[in-house]
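Q: Please take a close look at one helix in this structure. Describe how the helix begins and what surrounds it, then go on to side-chain contacts, aromatic rings and enclosed space elsewhere in the chain.

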Amino acid sequence: MTQKVLLDVDTGTDDAVALMCAALHPALELVATTTVNGNVAVEFCTENTLRVFDHIGVSIPVYEGMSTPLMRADFPVPRSQTKTPLIHGNHLPIPAATSHAREQSAVDFLIEYYLSPAGPETILVPVGPLSNVGAALQREPRLAERIPAIVLMGGGHAIGNTTPSAEFNIWADPEAARIVFLSGVPSITVVPLDATHEATVSRDDCGALRALGAPAAEAAAEFIEKRIAGYQATHDEYAGSANTPVHDALAVLSIVEPGVLREVVHVFGDVETTGDLTVGRTVFDVFNRLHRPPNVHVALGADRARFVALLMETLARTA
């Protein structure tokens with residue numbers, strides 16, 4: 001029996017790998033994708049998503065979403081802007097899409113889908129800024145009872161990547177992220193930087209992916225090699241490394257095999273929306289200082305070897 005999933009993406013290089021994993025793993029049924037402003041402007045995210053599906057030969061509905069955060073007018077001008085071309089670039093290096101996005105907006109689609117009979121069967125997997133999801137929950141609060149589970153990539157407990165405190169997806173729209181965290185959706189799993197930086201993929205792994213000969217594996221190798229070079233140039237801690245996190249793919253594959261995540265704690269989690277140094281910080285109350293009911297499961301680590309093996313097994317497949 002397969003698990004239905006719906007991915008909300010800001011497709012750059014790691015989203016692309018996540019999309020291929022969701023589309024190709026036999027335990028998952030990718031019912032649709034929605035795109036959101038994030039790694040690149042939303043129109044590029046949509047084009048890149050379509051490119052990925054065309055490249056691996058699958059037909060998955062794509063709905064373009066929000067081009068701005070819920071409340072902030074200054075995005076996209078992130079402090080990490082200089083990193084984006086080196087890690088993602090506007091267009092993925094695969095042929096231009098011949099397929100097209102649907103006309104309905106992503107937010108309208110999310111509301112319609114999760115109010116339909118299929119909604120309670122489908123895990124929502126946001127791996128970009130949470131603007132679409134936050135807007136849908138804000139407009140239609142009943143979704144909190146209709147979405148059975150959210151598995152999101154975002155945040156950090158001990159690690160930030162856009163500021164010392166904040167991870168990019170949460171920092172890009174902290175108000176939307178706070179709506180999601182406090183929504184009351186019955187199961188929210190957060191896959192933060194603490195986990196993804198333990199599940200890195202190496203240049204040698206890319207060679208093994210290429211050797212598989214499958215379109216998805218070859219494309220993933222190219223995307224991940226770009227990430228390795230980008231991280232070497234933009235992240236001091238990766239300056240001498242031949243490894244890179246592939247954040248979003250870890251979130252997707254954790255649905256197939258939860259054991260790929262380690263040190264999963266059930267705690268109260270919230271998002272800071274003010275503060276020069278802390279805006280966008282995810283606050284996970286691991287010591288129960290606030291004495292508030294737990295609302296998120298947070299993975300503080302990951303099993304690198306198992307993740308890479310899952311990646312190889314999944315991307316070796318063809319549609």
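A: **A helix and its surroundings**

Just where α13 starts, the backbone nitrogen of Ala305 has a side-chain oxygen of Asp303 within 3.3 Å. This is read from a predicted model. Helix α13 itself runs over residues 304-315, 12 residues in total. From first C-alpha to last, α13 reaches 16 Å, close to the 16 Å expected at 1.5 Å a residue.

The buried residues of α13 are Phe307, Val308, Leu310, Leu311, Met312, Thr314 and Leu315. An α-helix has 3.6 residues a turn, so residues three or four places apart point the same way. The cover over the buried residues of α13 includes four helices and a strand: α1 (13-24), α10 (203-212), α11 (215-234) and α12 (247-256), together with β7 (200-202).

One of these covering helices, α1, contains Thr13. Thr13 counts as buried because its relative accessibility is 1%, under the 20% cut-off. The side chain of Thr13 is in polar contact with that of Arg227, at 3.0 Å.

Next come the aromatic rings. The model has four aromatic pairs. In one of them, the ring centres of Tyr63 and Phe109 are 3.9 Å apart and the planes stand at 10 degrees, so this pair is stacked. Tyr63 belongs to strand β3 (residues 62-64) and Phe109 to helix α4 (residues 106-114), so the pair ties together parts that are 46 residues apart in sequence. Tyr63 and Phe109 are both buried.

Phe109 also pairs with Tyr113; here the geometry is tilted, with 5.7 Å centre to centre and 35 degrees between the planes. These two residues both lie in helix α4, four residues apart, about one turn of the helix. Tyr113, like Phe109, is buried. Tyr63, Phe109, Tyr113 and Tyr114 form one aromatic cluster.

Tyr114 leads on to the enclosed space, as one of the residues that line the second largest cavity. There are two cavities of 30 Å³ or more, and the second largest has a volume of about 30 Å³. Besides Tyr114, its lining is made up of Leu110, Leu124, Val133, Ala136, Leu137, Leu143 and Ile147. Helices α4 and α5 (131-139) each supply at least two residues of this lining. The largest share, three residues, comes from α5.

Key:
Residues numbered from 1 in each chain as written. Predicted model: local features only at pLDDT ≥ 70, side-chain atom pairs only at ≥ 80, totals over all residues. Heavy atoms only, no water. Expected span 1.5 Å × (residues − 1). Buried < 20%, exposed > 50% of the residue type's maximum accessible area, 1.4 Å probe, protein only. Contact = heavy atoms within 4.5 Å. Polar contact = N/O pair within 3.5 Å; in protein donor to acceptor, adjacent residues only side chain to side chain. Phe/Tyr/Trp six-rings, centres within 6.5 Å; stacked < 30°, edge-to-face > 60°. 1 Å grid on protein atoms, 1.4 Å probe; cavity = no way out; pocket = protein on both sides within 12 Å on 5 of 7 lines; lining within 4 Å. Points joined across faces, edges and corners; volume = space filled by probe spheres on them.
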